Amino acid sequence: MTAQFPRHDTRLDRFVDRYAARTHGMKVSAVRALFAVANRPEIVSLAGGMPNIKDLPLGDIASNMASMIASNGMQVMQYGSGQGEPRIREQICDVMALEGISAHPDDVMISAGSQQGLDLVTRIFCDPGDVVLAESPSYVGAIGTFLSYQAEVVHVPSDESGIDPQALRETVGRLQAENKRIKFLYTIPNYSNPSGITQPWERRLEVLEACRELGILVVEDNPYGLLSLDAEPVPAMRSVDEDVIYLGSFSKTFAPGFRVGWVLAPHAVREKLVLAQESATLCPPVFSQFAISNYLENSDWEGQIALFRDMYRVRRDAMLKALADHMPSGTSWTHPIGGFFVWVTLPAGIDTQAMLPRGVDARVAFVPGAAFYADGQGARNARLSYCFPPADRIVTGVERFADVVRNELDMLNIFGVTAPAKHPQTSGPGADIY
């Protein structure tokens, strides 16, 4: 009998009828899809949220890690606990204390970046058809995670202060009237990705009060919390409500390559997360945990964060000034007080997804706004990142972006297009108009 081997002369997926139904919610990230283009040297990338780590004391870090391996290599390169190593969980509690959080190491679970933490939280809470509430707009990676577990993402209208508490109540009331099961509210209150908006302290308390009244669990994602550029960080929501599930990460304040984040959760939730972690990975990366613990132990990590803040402030200011100098009338944008991102709203009729190829031709990359919605909003929006390029390149990128927008407006005028884009912006943070 002749053996049968798979054919390689077709692009058809022979396994399409075998995939689980949940794979239909898995989509290519709009940000990741841009990486190949954005890494071309002639392109100014205002797309990715990659932190600038060139100012880290790499020589000292390398020396300390070499000593760590020499003295403790048998442990740091071995399997570890599914919850994470005890010492780094203690240090994480010290990090969170800077945002007003009082926590015990037993309630901390280490994850492979906060993204995996979010995946595990969704895994233990969401059944197919459940609803996850998300601010408007919301992090593209979170939306992808929720959809991959077959949850329905419903955006809560937001303004220049973040989630609108009254709109939250109305949204929950509507969903409950439809007999929908709401599992949690997902929010990035500090320097939100993508909007750059920060929820003031009073607004956070209003959102928490609304969620308590409505019986809604809050998942607070805070990767940028210590990267305040104009003032001290606003205390975390978790600092006043121990039922909040808090996600943190070292990717933005140290280095993303180690892939170390954490989840702070009520004890019973933490136990479920550890079980989910063990079934997914056995244990989070042990070497990475020891490397970051070593860094926190032997380096001036708070001073390094201060240096990052100074560097990002220069880049943020360069972007805001360039937008004011070059963007056409009718364009608006947010004014972040921390983090990595500015959220731009363009004049009616422009669709940033359709505009993207012309942006790449003009040697500038950005992320179209529709990526940050699950319901078709955001066609007029774009996320611009100031974290990675130096200030002069940011200015050049904004100039190119502005030229592309003007060309789009000229084309609309030539063809007499005055109607809004296919998916008009119906909610989202406001901003000044220039």
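Student: Which residue in β7 is the bridge partner of A134?

Tutor: That is Y186. Keep in mind as we go that this is a predicted model.

Student: What makes β3 and β7 a pair of strands?

Tutor: Pairing requires at least two bridges between two strands. Strand β3 (residues 131-135) and β7 are joined by four bridges, therefore they count as paired. The two run parallel.

Student: How do you know that β7 also pairs with β8?

Tutor: The same test helps here. Four bridges link β7 to strand β8 (residues 217-221), again in parallel, and at least two are needed, so the pair qualifies. One place to look is T187, whose bridge partner in β8 is E220.

Student: Why is the crossover from β7 to β8 called right-handed?

Tutor: The chain leaves β7, passes through helix α8 (residues 201-214) and arrives at β8. With the strands pointing away from the viewer, a clockwise path over the helix is called right-handed, and this β-α-β crossover is assigned that hand.

Student: What makes β7 "mostly covered"?

Tutor: A residue is buried when its relative accessible area is under 20%. In β7 (residues 182-187), five of the six residues are buried.

Student: Why are β2 and β4 called edge strands?

Tutor: Read the order of the open, seven-stranded sheet: β2-β10-β9-β8-β7-β3-β4. β2 (108-111) and β4 (152-156) each have a single partner strand, so one side of each is left without a neighbour in the sheet. On average, neighbouring strands here are turned by 25 degrees against each other, direction ignored.

Student: What makes the pairing in this sheet mixed?

Tutor: Set two pairs side by side. β7 and β8 run parallel, whereas β9 (residues 245-249) and β10 (residues 261-264) pair in the antiparallel sense over four bridges. In the latter pair, G248 stands opposite W262. Helix α4 (residues 86-97) packs on the sheet, where it touches β2, β9 and β10, and its direction makes about 105 degrees with that of β2.

Student: What does F250 touch, leaving out residues up to four places away in sequence?

Tutor: Contact means heavy atoms within 4.5 Å, and the residues that F250 touches are I88, I92, V95, A255, V260, W262, I292 and L296. F250 is also among the residues with the most contacts inside the largest nonpolar core, which has 79 residues. Helix α11 (residues 301-326) supplies the largest share of that core, nine residues.

Student: Which residues belong to the other core?

Tutor: That one lies apart and has 23 residues, including M109, I188, V263 and V269.

Technical notes. Residues are numbered from 1 along each chain as its sequence is written. This is a predicted model: local features need pLDDT of at least 70, side-chain atom pairs count only at pLDDT 80 or more; totals for chains, interfaces and linings use all residues. Side-chain values use heavy atoms; hydrogens and water are left out. Buried means under 20% relative accessible area, exposed over 50%, partly exposed in between (1.4 Å probe, protein chains only). Axes are lines fitted to C-alpha atoms, for helices over the stretch in contact, and angles run from 0 to 180 degrees between N-to-C directions. A nonpolar core is a set of buried Ala, Val, Leu, Ile, Met, Phe, Trp, Tyr and Cys residues joined through side-chain atoms within 4.5 Å.
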